[in-house]
Amino acid sequence: MNLLKTLRHAAYVLLGMLGLMLSASAQDYTRQNAIDDATQFATEQATAGKLTQNQSNLWIALAKGYVGWAYDNFSDNLQFDNNGNLLNGTTLQQNYVDTFNKLYAILTDPNTGELNEQLSKQALNQLSPGLYTALPTILFNSANIQNTQIQQRLWAVRAGRSDDQGMAIVADGDKSATMSGKKVVAPVAEPEKKWVTFVDGNGMWSQAQSVNNLPGYNSYAGGVQVGASYELFKGLNVGPYVGYQGTKVNFNGSNGGGSTATDNSVRYGLFGEFVKGGWFTDGIIGGAYNSVDVNHGINISGNGNTFNSMAKGNVAGGEFDSMLGTGYEFKAGNLTFGPTTSLQYTYLQLGGTTETGAGPLNQTIGSQNASSLLYTLGGQAHYDLNITQSVKLQPFGSLAWQHEFLQNGYNLSSSILGQSYNYQTTNAGRDQFIAGFGGNLIFNKCLSAYAICNLVNSDAKIFSQAISAGVNLKF
């Protein structure tokens, strides 16, 4: 098998030229002829709607890269057996030939040589950097839930203050007086507790369906957070927080390819709340550092053959978080209820990566910069239940609508086989609902514990649930 026969294999696999083959007798078929045919075919397929623009861009890059590499590195003195296997040459040449011969055996009909359109699109979707573009949505979703959990912890502290308004009665012999022969002890104020420290843990689960040729995924996350606040003056409490969050993502469906991602995140910042009468205002400003290990897989089967490949990459970068919210609480007996609203802005930067472990299918993935501006409007309520004289239970419920103003589509620049191409992302979902339920258990004026579950349903076919629980200690 000579060079032109090898290029004929490449044409089938990479160009998808149904019925259009490189002629084995066309000795004047040049490197540029092959690249021009690849570009023209993929462009026509995209125009006709048979390939998406992203699939076409990747196909062109693959064809240019492989055909060009073959012309640059193969010569007619290389020898192949009847199955297209290289009998002499370098290890790198053998790796390239093996990879594309395996794809050829899967993607083409063994009798007619015609390309299987469905399997070819599946292979392109798995090979695309789409899973990398899913990471910002996953991280934004995590930031949103964690900001919500901080607000709910502030509610737990605020709700517990209703027990702190009284005065402690203590014996003070020097200040006692006598009235009608009876000793009366004057009330003395207990020292104010200005510090509140907390520790909490959380777990999150998300499920996303496949949309726009992206793989669906299931994500699992858990983390811990600690912090403290100090009352600077009446009604104003501010303080720092720091925490760790770990997230595991399993991409699934026909476009998943067995891919996974694991994020290790350190989160930190300042939070505060001002309360006056029934009004309250919450604020958060902070950031995070995310380091995401990606296993980018291709797993495709056809004609009794299976091809597996796993490229490894790491993308890392910083995150800026901010939130400003307000609300009003009405009281009716033991019931406290009212509206809430907030606006949160998150900016995320993820650096690029050069994959390893997949030979000729390794890619260089460009950096990503994405922003989220999320508006929330809803309401919440809790009810005071006196368990004993000192223990109080406060069941809690909330419901809110959220609207995303940013997270617009962008181009992700990548390259494969030395050929650059663009991958266009789409706008994220715009609307979602978030419902919360749980409670706060007040043991005494110093110690309380809370647990809250949040459910999020998005029009982007993403459903999430999160549970947080923690302890507040005042001193």
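**Notebook: aromatic rings and the largest cavity**

I looked up Tyr328 first and noted it as partly exposed, because its relative accessibility is 26% and the class runs between buried, under 20%, and exposed, over 50% (1.4 Å probe, protein chains only). The model is predicted, so I kept in mind that local features need pLDDT of at least 70 and side-chain atom pairs 80 or more, while totals for chains, interfaces and linings use all residues. Residues are numbered from 1 along each chain as its sequence is written, and side-chain values use heavy atoms, without hydrogens and water.

I then turned to the aromatic pairs, of which the structure holds 12, counting rings of Phe, Tyr and Trp (its six-membered ring) with centres within 6.5 Å, called stacked under 30 degrees between planes, edge-to-face over 60 and tilted for the rest. Trp279 and Tyr328 make an edge-to-face pair, with 5.0 Å between centres and 70° between planes. I noted that this pair links strand E7 (residues 279-302), which holds Trp279, to strand E8 (residues 305-328), which holds Tyr328, across 49 residues; strands are DSSP runs of E, at least two residues, numbered from the N terminus. Both residues belong to one aromatic cluster with Phe330 and Phe337.

Next I checked charges over rings (NZ of Lys or CZ of Arg within 6 Å of the ring centre and within 35 degrees of the ring normal). I found the charged end of Arg153 over the ring of Phe198, 3.8 Å from its centre, and Arg158 over the face of Phe280, at 3.8 Å from the ring centre.

Definitions and conventions: Helix = DSSP H or I, 4+ residues; strand = E, 2+ residues; numbered from the N terminus.
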